Amino acid sequence: MSETTTETQPTASTSLVARVEQSLDGGARAVQDRLKAYTGRQKMGMAASLLVLLGVTAGIFYVILKPDMRLLLSGLTPQDAQQVEQELNAAGISYEVSPDGASIRVPASALNKARLQVAGKGLPSSGRLGFSLFDKPNWVGSEFDERVNYQRALEGELEQTIGSLDAVQSARVHLVLPHDSLFTDEQRAAKASVMLKLRRRLSDDEAASIRNLVAGAVDTLRPDQVTLVDADGRQTLGPKSAEAQQAAYEQMLTDKLIATLEPVAGEGNVRASVTADFDNGSEDDLDEVYDPARVAATATQRTDVNSGGQTLPSGVPGTASNAPNVKAPVYPQQSAPPQSSHQESDNYAVSKHVHHRIQGPGSVRRITAAILINDRAVSAANGKSTVWQPRTPEDLHQLQLLAQAAIGFDTQRGDQVTVENMSFLSNAGEPQPGLLSRVMTQAGGPATALRYALLSVAFLLAMLLIVRPVLQMMRQWTKPTVQTVVVDENGQHVALPASHAAAAGGEPLLDQTHDLLAERKQARAQLLFDKVANYERKEPVQSSRLLQSWLNTTGL
């Protein structure tokens, strides 16, 4: 039993291999016979058409599958570019080099990996190096060289620090260091200029932080001496004008109104617009007011004089009265009568008020605010839908009081706050996005959708203008020549071209362009007809009865 099975398996496998070989040989012979039927011109046309078709298909797939290349480094020297290429090759990262050799691009998916790889090797080594410029000692440099190198290093460090900000793509810093001198005329203050290539707009706080960063790195440099310039010219980074300050103040009040009213009215249900009228002029007032009804003492002077009641000298003048330690003769004493006097002087003046007021430019003259409040959202009775109802006058009055408190309402200035309740268009529901919007969303954005649209148009044009004509040409070239076989007068079969078939008066015996399925159907019908005819000749009686039964069948 086992021997029989062993012998059967090789036989089955051998027969399967033989059938496969026969099929391959038959297909190869069919292709060879087909190619032999074509002329040399037809073969060359088919090869050219096939090459054109393959080229168009390869070009379309190349454009579709080409990776998105992003800039890795620019402004490289030839030595740095060569070192960066070596590092990218070692890391297995594909790249493209610009024609001038100063820029290198890598696929977007490998951009972060390439940056880490290049930065880990300390590349590029040219350009602004920062304080790493002093890693190599300069033994022959002069004091001037050291001063210039210090300025270059400081500029490089500031550029790297500013470039690390999220809003800054690249930065270029130029410094003018302070110059001290014994003479005042020769002293020079520090100044700085910063050129910024931005990814987005800078806010006022971000611009001020850059100025303070540069000013803090240089001695005696003030932030107002730091000039910021946008490389693309889309934003003014200099001192703010009066119009810009007014717009910023109005935007600040608008944000305060929305932040105050939205918790009460609902998120997205408040729209506000504020207009502030500024007085850009300056004023200096000095008022002196005299009040005649009020008199005030300005100065008071009093004098008191007392005299008399004192003993007067008496006696005989001489030695006895003037000598020391000599008792003077006793004589009767004499005294002057006392005297006193009082004098008072008062000065009075009319009261005076002096008022000095200095007002600088930029004071607020008047504020006008317009606030639009959406209807109130109320759940319907079924609890599944939302109904929008107008707000009551009491609600609008409370919202108006809140708005007045938020902007610092002042009746003396003539401020005005208007609060109105209107239904927003969004209450009816957001409209469904169109087909184009959905396609762009699925494609990943307008740029990607436009790319695929252009590729689709290019593919259709290639199919219509290149592939279709080529296929038609191939169909005409590959159409086999139809030959007609006729019978001549001697009974011989003669093959004629199709163009001469009508003139010869004969009918074709075999049309090689017939479909294989039609030939099989015709052969099968002929086979059935022959079998029926043979049966009728052999059994005429049974055939007659069968025919009679068919004719007598109901419904025929």
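This passage walks through the overall make-up of the protein, its nonpolar cores, its helix pairs and a few single residues.

The model is a predicted one. It has 14 helices and 17 strands, spread over a protein of 556 residues, of which 19% are buried. As for how the chain meets itself, take the contacts between residues at least 6 apart in sequence: 66% of these join residues at least 24 apart.

The largest nonpolar core is a good place to start. It holds 24 residues, and those touching the most other members are Ile 162, Leu 175, Val 194, Leu 196, Val 214, Leu 221 and Val 226. Two helices, H5 (143–163) and H6 (204–217), and three strands, E4 (168–176), E5 (191–198) and E6 (226–230), each give two or more residues to this core. Leu 175 shows how these pieces come together. With neighbours within four places in sequence set aside, Leu 175 contacts Gln 151, Leu 154, Glu 155, Leu 158, Lys 191, Ala 192, Val 214 and Val 218. Apart from this core there is another one, of 18 residues, with Leu 253, Leu 261, Ala 406 and Val 419 among them.

The two helices that feed the largest core also pack against each other. The axes of H5 and H6 cross at roughly 155° and come within 11 Å. Since an angle over 145 degrees counts as roughly antiparallel, H5 and H6 are therefore roughly antiparallel to each other. Their crossing is right-handed. On the H5 side the contact is made by Leu 154, Leu 158, Thr 161 and Ile 162, and on the H6 side by Ile 210, Leu 213, Val 214 and Ala 217. Sorted by class, the residues of this contact come to 7 nonpolar, 1 polar and no charged. Some names recur here: Leu 154, Leu 158 and Val 214 are also among the contacts of Leu 175, while Ile 162 and Val 214 are among the core residues that touch the most other members.

Just past H6, the loop between H6 and E6 holds Thr 220. Most residues other than glycine have a negative phi. Thr 220 goes the other way, with a positive phi near 60°. With a relative accessibility of 63%, Thr 220 counts as exposed, because the cut-off for that label is anything over 50%.

Another helix pair involves the second core. Helix H7 (residues 242–265) and helix H9 (residues 393–407) have axes 9 Å apart and pack at an angle of about 145°, again in a right-handed crossing. H7 brings Leu 253, Lys 256, Leu 257, Thr 260, Leu 261 and Val 264 to the contact, and H9 brings Leu 399, Leu 402, Ala 403, Ala 406 and Ile 407. By class, that gives 9 nonpolar, 1 polar and 1 charged residues. Leu 253, Leu 261 and Ala 406 were met above as members of the 18-residue core.

Ala 369 ties in with both of these helices. This residue sits in strand E12 (residues 363–373). At 2% relative accessibility, Ala 369 counts as buried, because that label applies under 20%. Beyond its neighbours within four places in sequence, Ala 369 is in contact with Leu 257, Ser 273, Val 274, Ile 407, Gln 416, Val 417 and Thr 418; Leu 257 belongs to the H7 side of the helix contact and Ile 407 to the H9 side. Ala 369 and Thr 254 are 115 residues apart in sequence, yet their C-alpha atoms are 8.5 Å apart in space.

Earlier in the chain, helix H3 (residues 78–91) packs with helix H4 (residues 111–120) at an angle of about 120°, the axes being 10 Å apart. That makes H3 oblique to H4. H3 passes H4 in a right-handed crossing. Here Val 84, Glu 87, Leu 88 and Ala 91 of H3 meet Lys 113, Ala 114, Gln 117 and Val 118 of H4. This contact has 5 nonpolar, 1 polar and 2 charged residues.

Between H3 and H4 in sequence comes Val 97, in strand E2 (residues 96–97). Val 97 has 37% relative accessibility and so counts as partly exposed. Neighbours within four places aside, the contacts of Val 97 are Glu 85, Ser 103 and Ile 104. Val 97 is also 8.7 Å from Ala 81, C-alpha to C-alpha, with their positions 16 residues apart in sequence numbering.

Key:
Residues numbered from 1 in each chain as written. Predicted model: local features only at pLDDT ≥ 70, side-chain atom pairs only at ≥ 80, totals over all residues. Heavy atoms only, no water. Core = buried A, V, L, I, M, F, W, Y, C linked by side-chain atoms within 4.5 Å. Buried < 20%, exposed > 50% of the residue type's maximum accessible area, 1.4 Å probe, protein only. Helix = DSSP H or I, 4+ residues; strand = E, 2+ residues; numbered from the N terminus. Contact = heavy atoms within 4.5 Å. Axes fitted to C-alpha atoms, helices over the stretch in contact; angles between N-to-C directions. Parallel < 35°, antiparallel > 145°, perpendicular 65-115°, else oblique. Left-handed = near helix turned anticlockwise from the far one by under 90°. Nonpolar A, V, L, I, M, F, W, Y, C, P; charged D, E, K, R; others polar.
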